[in-house]
Amino acid sequence: ELAAQESAIDRFMHILSVLYRENPSAFSQASDIKGRKRIYFADDEAALLASGNTTKPKAIEGSPYWVITNTNTGRKRNIVAQLMAAMGYPHGLIERVCHSI
């Protein structure tokens, strides 16, 4: 499924959706990840829009969360790596998933 996604944003969104489906409670605790100036996750679009001018929030399919998408691929990989680490995934899996974005 991941390989079928055409863009980095689509792969990023797909990964987040799968992570939420696999462990919603761990995802909710881990989604407190923030940048220096922006929040990355919120439970509504308005909170993300308020955190920056060009955040381009998208809803994470199958979850109550929204995520900013106006970041470069490296930042998307970093967000996924931090999220997966906080959720307790092993380092090797985190690396493989991040390189697939």
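This passage describes the fold, the nonpolar core, the aromatic pairs and a loop serine of a predicted model.

In the predicted model, the protein chain contains five helices and three strands, and these elements, read along the sequence, follow the pattern α-α-β-α-β-β-α-α. The radius of gyration of the protein chain is 12 Å, close to the 13 Å that the globule rule gives for 101 residues, so the chain is as compact as a globular protein of that length. The C-alpha trace spans about 35 × 30 × 25 Å along its principal axes. Of the 101 residues in the protein chain, 41% count as buried. When contacts between residues at least 6 apart in sequence are considered, 51% of them join residues at least 24 apart.

The largest nonpolar core has 29 residues, of which Leu16, Phe27, Phe41, Val80 and Leu83 touch the most other members. At least two residues of this core are supplied by each of helix H1 (8-22), helix H2 (24-30), strand S1 (41-42), helix H4 (73-87) and helix H5 (91-99), and H1 gives the most, with seven residues. The surroundings of Val80 can be described in further detail. When its neighbours within four places in sequence are left aside, Val80 is in contact with Phe12, Ile15, Leu16, Val97, Cys98 and Ile101. Phe12, one of these contacts of Val80, also takes part in an arrangement with a charged residue, since the charged end of Lys76 sits over the ring of Phe12, 6.0 Å from the centre of that ring.

Aromatic side chains form a further set of features, and the structure holds four aromatic pairs. Tyr20 and Phe27 form one such pair, which is edge-to-face, with 5.6 Å from centre to centre and 85° between the planes; both Tyr20 and Phe27 are buried. Phe27 also pairs with Phe41, again in an edge-to-face arrangement, with 5.7 Å from centre to centre and 80° between the planes. This second pair links distant parts of the chain, as Phe27 belongs to helix H2 and Phe41 to strand S1, 14 residues apart. Phe27 counts as buried because its relative accessible area is 0%, and Phe41, with a relative accessible area of 7%, is buried as well. Ring pairs join Tyr20, Phe27, Phe41 and Tyr65 into a cluster. Two members of this cluster, Phe27 and Phe41, are also among the residues that touch the most other members of the largest nonpolar core.

Attention then turns to a serine in a loop. Ser63 lies between strand S2 (58-59) and strand S3 (66-67), in the loop that separates these two strands. Despite this loop position, Ser63 counts as buried, because its relative accessibility of 17% falls under the 20% cut-off. The side chain of Ser63 takes part in contacts with the backbone of two other residues: a polar atom of this side chain lies 3.0 Å from the backbone nitrogen of Tyr65, and the side chain also reaches the backbone oxygen of Ile60 at 3.0 Å. Tyr65, whose backbone nitrogen is placed in this way, is itself one of the residues in the aromatic cluster. With respect to Arg38, which is 25 residues away along the chain, the C-alpha atom of Ser63 is separated from that of Arg38 by 21 Å.

Technical notes: Residues are numbered from 1 along each chain as its sequence is written. This is a predicted model: local features need pLDDT of at least 70, side-chain atom pairs count only at pLDDT 80 or more; totals for chains, interfaces and linings use all residues. Side-chain values use heavy atoms; hydrogens and water are left out. A nonpolar core is a set of buried Ala, Val, Leu, Ile, Met, Phe, Trp, Tyr and Cys residues joined through side-chain atoms within 4.5 Å. Buried means under 20% relative accessible area, exposed over 50%, partly exposed in between (1.4 Å probe, protein chains only). Helices (H or I, at least four residues) and strands (E, at least two) are DSSP runs, numbered from the N terminus. Contact means heavy atoms within 4.5 Å. A polar contact is a pair of N or O atoms within 3.5 Å; within protein, one must be able to donate a hydrogen and the other to accept it, and residues adjacent in sequence count only if both atoms are side-chain atoms. Rings of Phe, Tyr and Trp (its six-membered ring) pair if their centres lie within 6.5 Å; planes under 30 degrees apart count as stacked, over 60 as edge-to-face and the rest as tilted. A charge sits over a ring if NZ of Lys or CZ of Arg is within 6 Å of the ring centre and within 35 degrees of the ring normal. The radius of gyration is taken over C-alpha atoms; the globule rule is 2.2 Å times the number of residues to the power 0.38.
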